Every structure is written in C-alpha cells, then in structure tokens.
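Please open the model in a viewer and keep the selection tool at hand. The tour begins with enclosed space and then turns to the secondary structure around it.

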Amino acid sequence: PFLTDPSLLCEDVVYVSPLHSSVGRESYFQLFEHWARAMPERLQDLEIRDVQVYQLKPREVSAKWTYRFVAPLPLPARVPGRLPADLQVLPGDKVLVDVGIMSTIQMNENGQVVSQVDRLAQGGSGYMYKSSNVAGTVARFEFLMAQRLQGELLWVYYWRVLREQTRNEAQEIIDIEGGMFNERSFEKDFRNMIMRQFAVGGLLGALLYYCLKYFNFFLMTHPPS
C-alpha cells in the first residue's frame, strides 16, 4: 500500500495519519521508508492482507487493507473473565490481531497524489473500543506504538498513543449514548487521568521504597543466629 514511485507524487504532497503528518515528497518517502523497515521488526509475524483500491469520484482514490500480526496481551486483559470466550490466546499470552486501514488519496490533473489521509478502520461491529473487542483495542495500540519514529522518546510517544486511544474511545461512547464531543472537556479529563496515574505510581513506588528500607533495618537489627 506504500507509494514508492516519486513520479506519482507532487512536490508538496501532504500526508496525514492519526499520529503523524508530513508535507513534501521527500518527507513522505522518509516516513514510509522508516515504517517499511521498522514495523516488521516491532510487530511479530506482520503481513499485509486484503488490499483493495477503488475510485468513486474523479481525482479521488480510496484504498483499504489489513495488517495482521501477533500482539502481546496487556496484564489487565489477562484477568480471568476479561476476554471474550471465543478469543484464542496463543502461547505466551499473545493473540493474532488485525488492524484495518482506510486511505483517501486526492490527485491533481496530472494524476499525481496531492494528499493522502490514512485512518484506522472500525471493526465489524461498527465500534472499535467496545468491551467485546479487546483484541482490536490491543491491536490498534500495538500498531500505533510500532509507528514511532526515530528520535521520538518512547515515554512521550506512549502518552500520545494513549491520548489517541482514549479520545477515540470517548468519541465512540458519545456516538453510542448520544451527545456532543467536547474537546476542551476531554483534554481536561485526560490530564486528570494522567495525573492520577502518576500519583498512584508514585505512591506505590514510595511504599515499596519504605518497605525495603524497613526490611533492611529489620535484617540489621535481627541478624540470623
């Protein structure tokens, strides 16, 4: 699904995806060359399947394809009863997952690509983040993490991915329950969530630190006989 022929792209081609964007032919190729090299290294048994390309409007091409790979289950998902009964768990607490991509490509009068917008496709249920779609949520998280660019700090990029996942989930809940998505309210709630996670992590770290200090003090004052 990657365009590799420079003649197919205009000089100032624009690319947009959930977490990345670029302007210019050179930047476009640098982005996709990096992903073509890095993603197979980061995603186990990665393969591209079901590539479809069709044109419904003049100068606009739509494409969709599926990435399939093996992803590790996060610890919260391994709790008994959290996974759908029909989900096959592979050895090592891993699952075979799919991520669908939908791409909209705009072309100029010469047939060159002027813009490409990629987005994650919804699941068969129409919703990506419902509780029964644990494998899909894991798949999208691992896929977005695998797109981290060279030079991007891992922990900074992790929060970007988490924000994107959380935003999509919030939007989906609103679509199900009805209502309007409030960007300002989401940003505030997301920051509060991050602060709570840091607070809980700091509390656990402090608790572990003082437990170890107490244990060390106990050993010093109660030497084995």
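In this predicted model, a cavity search with a threshold of 30 Å³ or more returns one cavity. Its volume is about 110 Å³.

To locate this cavity, select Y15, I101, D118, F143 and Q147, the residues nearest its centre among the 16 that line it. Next, colour the lining by residue class: 12 residues are nonpolar, two are polar and two are charged. Which elements give two or more residues to this lining? They are α1, β4, β6 and α2.

Now display the strands. Six of them form an open sheet with mixed pairing, in the order β2-β1-β6-β5-β4-β3. Select residues 21-23 and 44-57 to show the edge strands β2 and β3, each of which pairs on one side only. Between neighbouring strands of the sheet the average turn is 20°, with direction ignored.

Move to residues 94-107 and 113-120, which are strands β5 and β6. These two strands run antiparallel and are joined by seven bridges. For one residue pair to inspect here, select Q106, whose bridge partner in β6 is S115.

Then add the helices. Helix α2, residues 134-146, packs on the sheet and touches β4, β5 and β6. The direction of α2 makes about 100° with that of β4. Finally, select residues 25-42 for helix α1, which lies across β1, β2, β3, β4 and β6. With β1 (9-16) also shown, α1 can be seen running at about 50° to that strand.

Key: Residues are numbered from 1 along each chain as its sequence is written. This is a predicted model: local features need pLDDT of at least 70, side-chain atom pairs count only at pLDDT 80 or more; totals for chains, interfaces and linings use all residues. Side-chain values use heavy atoms; hydrogens and water are left out. Two strands pair if DSSP finds at least two bridges between them. Helices (H or I, at least four residues) and strands (E, at least two) are DSSP runs, numbered from the N terminus. Axes are lines fitted to C-alpha atoms, for helices over the stretch in contact, and angles run from 0 to 180 degrees between N-to-C directions. Contact means heavy atoms within 4.5 Å. On a 1 Å grid over the protein atoms alone, a cavity is a set of points where a 1.4 Å probe fits but cannot get out, and a pocket is an open set with protein on both sides within 12 Å along at least five of seven lines; lining residues have an atom within 4 Å of a point. Grid points are joined across faces, edges and corners, and a volume is the space filled by probe spheres set on the points. Ala, Val, Leu, Ile, Met, Phe, Trp, Tyr, Cys and Pro count as nonpolar, Asp, Glu, Lys and Arg as charged, and the others, Gly among them, as polar.
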